[in-house]
Amino acid sequence: MKIQQISLFIENKPGHIAAPIRLLAQAGVDIRSLYLADTQEFGIVRMIVSDWQKAAEVLDAEGFVVKATEVLAVEVPDHPGGLADVLDALDGSGINIEYMYAFPHQQGEEAILIFRFGDPDAAIARFQAAGINVLAGDDLLK
Amino acid sequence: MKNSVLEASVAERHPASAPDYMPVAELRELQVERLRGVVARAWREVKHFRARLEERGITPEDLHSLDDVAKLPFTVKSDLRDTYPFGLFASPMKDVVRLHASSGTTGKPIVVAYTKEDVEVWTSVLVRCFAGCGLHRGDIIQNAYGYGLFTGGLGAHYGAEALGAAVVPTSGGNADRQIMLMKDFGVTAICCTPTYFLHLIDRAAELGVDFKELPLRAGVFGAEPWTESMRRHIENSSRIEAFDIYGLSEIIGPGVACECRRHQGLHIFEDHFYPEIVDPATGEPLPDGSEGELVLTTLSKQAMPMIRYRTRDITLLLPGTCECRRTIRRMGRIGRRSDDMLIIRGVNVFPSQVEAALLEIEGTLPNYQIILTREQGLDQMEVQVEVTPHMFNDKIGALQGLHAKLQGALDHVLGIRVKVALVEAHSLARSEGKAKRVIDRRAQ
């Protein structure tokens, strides 16, 4: 149910994101989704990739500070109100979303939401109770 | 308890260490006698020194007691530069067996010379250092101080060999090979700069080598100031006993002073190096227990006697005697040099304060650099800290929290507002020898 996201520290300066991305390209790692959280000084690149272990290895070997984190991927219908329904499932649960981002599914009418929760297991239970599809890593890479 | 202390001090006593335990009255007599001898030699052989004494209207005959040392003029680093290369030599070249030179960062280096007897004295004080650290025949000592013009490498090498230890002369650099040899040879002690050892700890972790599992039990660290918190970090992460050794090329090289296993200050081998503490501003002698600049006089040096050399190192002479029963006096650890002091917007700042604040927060010492600039006539200080895997977090709030914590601690410790920047790992220059911690661009 949970999938691995890798995140990477970079300085907020011209050209700094290019080097790690090129490394992944050379290693044949496909980036399924990328989200950049930034401050004026630095940023955190969060990525869902085709092979997170390989990605982490390649980046670590070149001296990048990399971290793998468990996140949840949830499928939602890509139409108005789709996200609202997912968030409703969490309503009143006290479950905090640390951060989230979205990207369209490669095939079909669905969008994918990536959630980072403090308590992912509680969130999974809520989603399942509401009939929301929590994806496994393999589903995501299809 | 007392017995074990006593046994320990007997067990570590090496024949070469006998002068460490000399009765104090006898030691003072020896010092006066040697002081007169070295001053007479410099007077006779070194024009520069003789002119200085004549300016003051004194001769070697005016020295009657150790207090009279205060009558003598100071020697400062620029005296060595001004007389480059051989102007302060008191021996003809036929008696000189070794020349070393310092890495002068600006202009000409500083040159120092040794006669055969000088090398023997140097070797003997290093044997006394190592013996005091509990090392002996049978130990395998890896010497990662740089071999060459720098005094550290050859100085420690001769001492360790004379001690009877097996020496692995790796010199500096090539961390991966250093770690491999430490592991494969079963090295029991290492000599290097403390920052280089920190680098080895980090690199070993990356290579999956745990220093705690190795036979390594002691590190003899010197050639740059380091802190108690660095000692704790080194000892906790590698399970060794870390010793502070002190020395400078102008006096002899490493081996002027060294900690014993009590770690309560560094014993100065004062039968060869006479210490004073003076007010760095006025040059007035200060009593034992007061902090000031360390001034050293070589008592037995032949090729290049140094009379009242201003070391620029800030420390104090510790009153009282050490539990180890050595009678030679101890000085406090050098936390800072008067040269290292940065004056930022009128406030005195030492890089060691930055280090202590970073260690306090992180529990380990991340690689860092201090950048000084001037914007609109105002000094700006930026501390760049490399983000380690231990510090990194995928949540932006956690990193901002760390940033704020570092900012707060540095502001508090330094008393001025500094800018803190988190930078990518390995983006700051790595030190293979002395750390380059400060980049001053204020004059640009």
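Here is a friendly conversation about a predicted model with chains A and B.

Trainee: How many bridges join strand 19 and strand 20 of chain B, and in which sense do they pair?

Mentor: Start by finding the two strands: strand 19 of chain B covers residues 368–375, and strand 20 of chain B covers residues 378–386. Tyr368(B) stands opposite Val385(B) of strand 20, which gives you a place to begin looking. The pairing runs in the antiparallel sense, over eight bridges.

Trainee: Which residue in the turn between strand 19 and strand 20 of chain B has a positive phi?

Mentor: These two strands form a hairpin, with two residues between them. Look in that turn for a phi of about 50 degrees, and you will arrive at Gln376(B).

Trainee: What handedness does the unit of strand 20, helix 11 and strand 21 of chain B have?

Mentor: Strand 20 of chain B pairs with strand 21, residues 419–423, in the parallel sense over five bridges. Val383(B) stands opposite Val420(B) in strand 21 of chain B. Now add helix 11 of chain B, residues 396–414, and the β-α-β unit is right-handed.

Trainee: Which element of chain B supplies the largest share of the side that touches chain A?

Mentor: In this contact, 14 residues of chain B meet 17 residues of chain A. Helix 11 and strand 21 of chain B each supply at least two residues of the chain B side. The largest share is three residues, and it comes from strand 21 of chain B.

Trainee: By class, how many residues on that side of chain B are nonpolar, polar and charged?

Mentor: Sort the chain B residues that touch chain A into the three classes. There are three charged, three polar and eight nonpolar residues.

Trainee: Which helix gives the largest share of the largest nonpolar core?

Mentor: That core has 139 residues, and Leu296(B) is one of those that touch the most other members. Beyond its neighbours within four places in sequence, Leu296(B) is in contact with residues including Ile251(B), Val256(B) and Phe273(B). The largest share of the core is eight residues, from residues 116–132 of chain B, which form helix 5.

Trainee: Which strand of chain A gives the most to the side of domain 1 that touches domain 2?

Mentor: Chain A has domain 1 (2–69) and domain 2 (71–141), with C-alpha centres 22 Å apart. Their contact takes 10 residues from domain 1 of chain A and 12 residues from domain 2 of chain A. Strand 1 and strand 2 of chain A each give two or more residues to the domain 1 side. With four residues, the one that gives the most is strand 2 of chain A.

Methods: Residues numbered from 1 in each chain as written. Chains lettered and ligands numbered in written order. Predicted model: local features only at pLDDT ≥ 70, side-chain atom pairs only at ≥ 80, totals over all residues. Pairing = 2+ DSSP bridges. Right-handed = clockwise from strand over helix to strand, strands pointing away. Contact = placed C-beta atoms within 7 Å. Nonpolar A, V, L, I, M, F, W, Y, C, P; charged D, E, K, R; others polar. Core = buried A, V, L, I, M, F, W, Y, C linked by C-beta atoms within 7 Å. Buried ≥ 20, exposed ≤ 12 C-beta atoms within 10 Å, placed from the backbone. Domains from an automatic or database assignment.
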